[in-house]
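New to this one? Here's a relaxed walk through the fold, starting with the sheet and ending at the ligand.

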Amino acid sequence: MDYLNKIALCCKGPPPPRPEYDLVCIGLTGSGKTSLLSQLCSENTENIVSTTGFSIKAVPFQNAILNVKELGGAANIRKYWSRYYQGSQGVIFVLDSASSEDELETARNELHSALQHPQLCTLPFLILANHQDKPAARSVQEVLSGAWYTEGMKEGNKIQFLHKLELEKFCVYKKGMDKHN
Ligand SMILES: Nc1nc2c(ncn2[C@@H]2O[C@H](COP(=O)(O)OP(=O)(O)OP(=O)(O)O)[C@@H](O)[C@H]2O)c(=O)[nH]1
Ligand SMILES: [Mg+2]
């Protein structure tokens with residue numbers, strides 16, 4: 001390596017720090033929140049147990065780090081969800097697309113409550129239609145045909161549906177979050 005190349009390498013320095021965003025991840029128990037976040041962190045997804053309370057993971061993307069706080073989705077934990085919303089800059093709502101109509105209705109009610117909550121109602125929402133590998137899974141289009149939107153949504157609130165295979169779009173969605181810094 002010649003002298004000039006060596007100097008260029010020395011002067012390059014460490015890459016600039018990636019911006020960090022704080023997200024909250026909600027959804028009924030078994031919808032796959034922990035599995036999703038573990039996958040995004042390239043962690044082992046076997047032997048995952050139900051989240052009691054909450055857990056936080058730093059999910060690295062090329063241009064940003066998402067600090068995602070997963071809130072356990074069991075009925076006795078859901079009533080405390082709103083205590084953990086403060087400071088969130090975006091919301092991931094995970095849905096079991098293969099669940100029964102009753103469960104889907106419960107999920108929709110929880111989503112509507114979150115969309116109307118003062119600390120979340122202006123934030124970007126990403127709804128992940130999970131469990132797409134199951135034969136009974138509804139497609140994103142089928143899920144969308146239900147009443148998933150609500151009048152409680154405020155102007156500026158962005159809502160986007162994805163299924164797992166489209167997760168890379170999640171990176172693009174960070175743009176919506178810049179507004180809320
Ligand atoms: N077939 C299938 N199973 C999944 C999928 N995502 C998660 N699971 C399984 O569903 C079960 C529950 O997944 P979790 O990630 O613990 O669900 P959770 O939303 O974190 O549940 P709580 O922490 O109780 O709120 C696990 O056995 C996962 O392996 C999926 O897309 N397809
Ligand atoms: Mg969990």
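What follows is a short tour of a predicted model.

**The sheet**

Let's begin with the strands. Six of them make an open sheet, running in the order β2-β3-β1-β4-β5-β6, with mixed pairing. At the edges you'll find β2 (54-60) and β6 (159-163); each has a single partner strand, so one side of each is left without a neighbour in the sheet. Going from one strand to the next, the twist averages 25 degrees.

A bit of background helps here: strands of a sheet pair through backbone hydrogen bonds, and they do so either parallel or antiparallel. Strand β1 (residues 20-26) and strand β4 (residues 90-96) pair in the parallel sense, over four bridges. If you want a spot to look at, find L23, whose bridge partner in β4 is G90. On to the next pair: β4 and β5 are also joined in the parallel sense, over six bridges. Here F93 has I127 of β5 as its bridge partner.

How many residues of β5 are buried? Six of the six are, so β5 is largely enclosed by the rest of the structure. F125, I127 and A129 point one way from the strand, while L126, L128 and N130 point the other way.

**Helices on the sheet**

Now for what packs against those strands. Helix α2 touches β1, β2, β3 (65-71), β4 and β5 (125-130), and its direction makes about 160 degrees with that of β3. Helix α4 (residues 101-116) packs on the sheet as well, touching β1, β4 and β5; its direction makes about 175 degrees with that of β4.

L36 is a handy residue for seeing how α2 meets the sheet. It lies in that helix and counts as buried, because it has 23 C-beta neighbours inside 10 Å, where 20 or more are needed. Setting aside neighbours within four places in sequence, L36 is in contact with V94, L128 and N130. Take N130: L36 and N130 are 94 residues apart in sequence, but 8.9 Å apart in space, C-alpha to C-alpha.

**Two annotated residues**

An unreviewed UniProt entry carries the annotation "binding site" for T34 and T51. They span 18 residues in sequence, yet no two of their C-alpha atoms are more than 7.6 Å apart, so they gather at one spot. T34 sits in helix α2, whereas T51 is in the loop between α2 and β2.

Here they are side by side, with contacts that leave out residues up to four places away in sequence:

| Residue | Other C-beta atoms within 10 Å | Status | Contacts |
|---|---|---|---|
| T34 | 21 C-beta atoms | buried | I48, T51 and E70 |
| T51 | 18 C-beta atoms | partly exposed | T34, E70 and G72 |

So T34 and T51 touch each other, and E70 turns up among the contacts of both.

**Around the ligand**

Last stop: ligand 1. Which residues come nearest to it? Of the 19 residues around ligand 1, those are T29, G32, S50, T51 and G73. T51, then, is one of the nearest residues as well as one covered by the "binding site" annotation.

By class, the shell around ligand 1 has 13 polar, three nonpolar and three charged residues. Helix α2 (residues 33-40) supplies the largest share of that shell, with three residues. That's the helix you've already seen packing on the sheet.

Notes:
Residues numbered from 1 in each chain as written. Chains lettered and ligands numbered in written order. Predicted model: local features only at pLDDT ≥ 70, side-chain atom pairs only at ≥ 80, totals over all residues. Near = placed C-beta within 6 Å. Helix = DSSP H or I, 4+ residues; strand = E, 2+ residues; numbered from the N terminus. Nonpolar A, V, L, I, M, F, W, Y, C, P; charged D, E, K, R; others polar. Pairing = 2+ DSSP bridges. Axes fitted to C-alpha atoms, helices over the stretch in contact; angles between N-to-C directions. Contact = placed C-beta atoms within 7 Å. Buried ≥ 20, exposed ≤ 12 C-beta atoms within 10 Å, placed from the backbone. UniProt positions renumbered as here; feature names shortened; annotations may be inferred.
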